[in-house]
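Student: Can we go through this structure together? I'd like to start with the rings and then move on.

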Amino acid sequence: MTNQTPQPEETVERTVRHAAGADPQKRQQIMAGAKRVFMECGFDAASVNDICHGAGISKSTLYVYFENKEELFEAIIENERDRLFEGVADVLASESAPADVLHQFGVTIASIICSDSVVRAQRIIIGIAERMPALGARFYSGGAMRAQTALTGFLDRKVAMGELAIADTSLAAAQFIELSTVALWKPRLFGKAAAPPSPEQIDASVTSAVALFVCAYAPKSA
């Protein structure tokens with residue numbers, strides 16, 4: 001019987017193994033690289049090769065995580081939208097006077113909508129919406145409609161408390177968001193204003209929006 005000399009134990013570095021397409025760090029790496037390419041080139045001009053080069057991956061890796069360029073772009077938009085709108089609903093949870101809450105909400109929304117990243121994304125979506133209407137509709141539902149729905153809920157609560165008198169809170173929510181970005185958003189979208197509006201410009205626009213809104217929807221005296 002042969003005696004075997006015991007071998008020293010090997011120290012093995014343990015790593016977390018993920019199923020194909022399930023590594024969150026790799027997914028974020030792909031999305032971060034692809035985001036830069038999309039924002040620089042636009043959707044149509046961004047090739048798969050450009051995306052892979054920007055993300056530092058191979059085509060085979062890309063297709064393990066995303067079925068196609070459209071799915072990757074939509075995932076990036078959803079991720080960025082969730083990041084930007086995180087905390088917006090918290091503004092509306094405040095127990096402050098309606099005018100104060102509306103002002104804070106308006107400033108927050110105007111700042112988001114007029115930011116460089118959102119304006120670039122909006123331009124890309126507009127450019128492909130006719131060819132890919134479902135993607136455009138999902139972009140709108142997850143962004144503008146998300147903010148409008150949250151504001152509608154706030155207005156419903158204030159109407160029930162007798163602090164506002166609004167027959168159609170959904171319409172009123174849309175009106176307030178439009179009022180808050182008057183003369184700010186469209187110049188950004190169409191390139192008339194190269195930089196985001198200053199805090200002072202946003203404050204002036206939102207202050208005017210709040211004054212008009214409260215005047216229109218304040219409870220009528222008996």
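Tutor: We'll take aromatic rings, then cysteines, then one helix. Keep in mind that this is a predicted model.

Student: How many aromatic pairs are there in the whole structure?

Tutor: A search of the whole structure turns up five. Take Phe 38 and Phe 43 as an example: their ring centres are 5.8 Å apart and their planes meet at 10°, so this pair is stacked. Planes under 30 degrees apart count as stacked.

Student: Are Phe 38 and Phe 43 buried or exposed?

Tutor: Both are buried. They also belong to a cluster, in which ring pairs link Phe 38, Phe 43 and Phe 73.

Student: What lies over the face of Phe 43?

Tutor: Lys 69 does, at 4.5 Å from the ring centre.

Student: Back to pairs. How are Phe 176 and Phe 213 arranged?

Tutor: Edge-to-face. The distance is 5.3 Å centre to centre, with 70° between the planes.

Student: Which helices do Phe 176 and Phe 213 lie in?

Tutor: Phe 176 is in helix H10, residues 169–180, and Phe 213 is in helix H12, residues 199–217. The pair therefore ties together parts that are 37 residues apart in sequence.

Student: And is Phe 176 buried or exposed? What about Phe 213, buried or exposed?

Tutor: Phe 176 is buried, with a relative accessible area of 0%. Phe 213 has 2% relative accessibility, so it counts as buried too. The cut-off for buried is under 20%.

Student: New topic. How many disulfides does the structure hold?

Tutor: Zero.

Student: Why does Cys 52 have no bond to Cys 41?

Tutor: Because the sulfurs are too far apart. Cys 41 has the closest cysteine sulfur to that of Cys 52, and the gap is 13 Å. A disulfide needs the two sulfur atoms within 2.5 Å.

Student: Is Cys 52 buried or exposed?

Tutor: Buried, at 6% relative accessibility. Cys 114 is buried as well, at 1%.

Student: Which residues of helix H2 are buried?

Tutor: H2 covers residues 48–55, and its buried residues are Ile 51, Cys 52 and Ala 55. Seen down the axis of H2, they fall within an arc of 95°, so they line one face of the helix.

Student: What do the buried residues of H2 pack against?

Tutor: Three helices are listed: H1 (24–41), H3 (59–65) and H4 (69–85).

Student: Last one. What comes just after H2?

Tutor: Gly 56, which takes a positive phi of about 70°.

Key. Residues are numbered from 1 along each chain as its sequence is written. This is a predicted model: local features need pLDDT of at least 70, side-chain atom pairs count only at pLDDT 80 or more; totals for chains, interfaces and linings use all residues. Side-chain values use heavy atoms; hydrogens and water are left out. Rings of Phe, Tyr and Trp (its six-membered ring) pair if their centres lie within 6.5 Å; planes under 30 degrees apart count as stacked, over 60 as edge-to-face and the rest as tilted. Buried means under 20% relative accessible area, exposed over 50%, partly exposed in between (1.4 Å probe, protein chains only). Helices (H or I, at least four residues) and strands (E, at least two) are DSSP runs, numbered from the N terminus. A charge sits over a ring if NZ of Lys or CZ of Arg is within 6 Å of the ring centre and within 35 degrees of the ring normal. The arc is that of the directions from the helix axis to the C-beta atoms. Contact means heavy atoms within 4.5 Å.
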